[in-house]
Amino acid sequence: MTDPLSSLSPQDALIAVMVAVSASDETIRTVELIAIERMVNHMPIFADYDIDRIRPVAQTVYSLFEEEEGIEALFGLVRAGLPEKLFETAYALACDVAAADGVLHQPELRMLEEIRGELSIDRLHAVAIEWGARVRHLTL
């Protein structure tokens, strides 16, 4: 395993939040990985992102999850790397990853709550973001 990254670019921080939601229930589902890949491949925020950084960012998240105070360290890295104007973007991406498999598991819900708090997402904005993620991932 590689050493955790000591800092994150804005795009790295967005990836880290998505990976954290996916890994929060200790089961990284294929559909969640596909959702992350799809967002990285199609969203303008990732237009100049080096996709080879995804693996070290993910490894950093996994490593921090194994540490005693790892979640706090993760959010410290995310807040340091992510401009405040992208906090809601990070939350929206996290919600899309959580909703990708059609089921929100308790650990994912707790992680989303943690993200809301750590990034100071306004409650009404959070509800709108969550609603958007839910309706985008509905199936027949």
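Let me start with the rings. A search of the whole structure turns up 1 aromatic pair. The partners are Phe 46 and Tyr 49, and their geometry is edge-to-face. The ring centres sit 5.9 Å apart, with 70° between the planes. Keep in mind that this is a predicted model.

Are these two rings buried or exposed? Phe 46 has a relative accessible area of 2%, so Phe 46 is buried. Tyr 49 comes in at 10% relative accessibility, so Tyr 49 counts as buried too. The cut-off for buried is under 20%.

Next, the annotation. UniProt, in an unreviewed entry, places a domain feature at residues 11-123, named "Co-chaperone DjlA N-terminal". What is the secondary structure of that span? Residues 11-123 are 68% helix and 0% strand. The end C-alpha atoms of the span lie 24 Å apart.

Now the pockets. The largest has a volume of about 280 Å³. It is lined by 14 residues. Which lie closest to its centre? They are Leu 33, Ile 36, Ile 54, Arg 55 and Ala 58. Which helices supply at least two lining residues each? Helix 1, at 10-23, helix 2, at 30-42, and helix 3, at 54-65. As for chemistry, the lining of the largest pocket splits into 9 nonpolar, 3 polar and 2 charged residues.

On to the second largest pocket. Its volume is about 220 Å³. Here too, 14 residues form the lining. Closest to the centre of this second pocket are Cys 95, Ala 99, Leu 104, Glu 130 and Arg 134. At least two lining residues each come from helix 5 (87-99), helix 6 (106-118) and helix 7 (123-136). Which helix gives the largest share? Helix 5 does, with 4 residues. The make-up of the second lining is 9 nonpolar, 2 polar and 3 charged.

One residue there deserves another look. Arg 134 is among the residues closest to the centre of the second largest pocket. What does Arg 134 lie over? The face of Trp 131, at 4.2 Å from the ring centre.

To recap. One edge-to-face pair, Phe 46 with Tyr 49. A largest pocket of about 280 Å³, with helices 1, 2 and 3 each giving at least two lining residues. A second largest pocket of about 220 Å³, with helices 5, 6 and 7 each doing likewise. And Arg 134 over the face of Trp 131.

Definitions and conventions: Residues are numbered from 1 along each chain as its sequence is written. This is a predicted model: local features need pLDDT of at least 70, side-chain atom pairs count only at pLDDT 80 or more; totals for chains, interfaces and linings use all residues. Side-chain values use heavy atoms; hydrogens and water are left out. UniProt positions are given in the numbering used here, feature names are shortened, and annotations may be inferred rather than shown by experiment. Rings of Phe, Tyr and Trp (its six-membered ring) pair if their centres lie within 6.5 Å; planes under 30 degrees apart count as stacked, over 60 as edge-to-face and the rest as tilted. Buried means under 20% relative accessible area, exposed over 50%, partly exposed in between (1.4 Å probe, protein chains only). A charge sits over a ring if NZ of Lys or CZ of Arg is within 6 Å of the ring centre and within 35 degrees of the ring normal. On a 1 Å grid over the protein atoms alone, a cavity is a set of points where a 1.4 Å probe fits but cannot get out, and a pocket is an open set with protein on both sides within 12 Å along at least five of seven lines; lining residues have an atom within 4 Å of a point. Grid points are joined across faces, edges and corners, and a volume is the space filled by probe spheres set on the points. Ala, Val, Leu, Ile, Met, Phe, Trp, Tyr, Cys and Pro count as nonpolar, Asp, Glu, Lys and Arg as charged, and the others, Gly among them, as polar.
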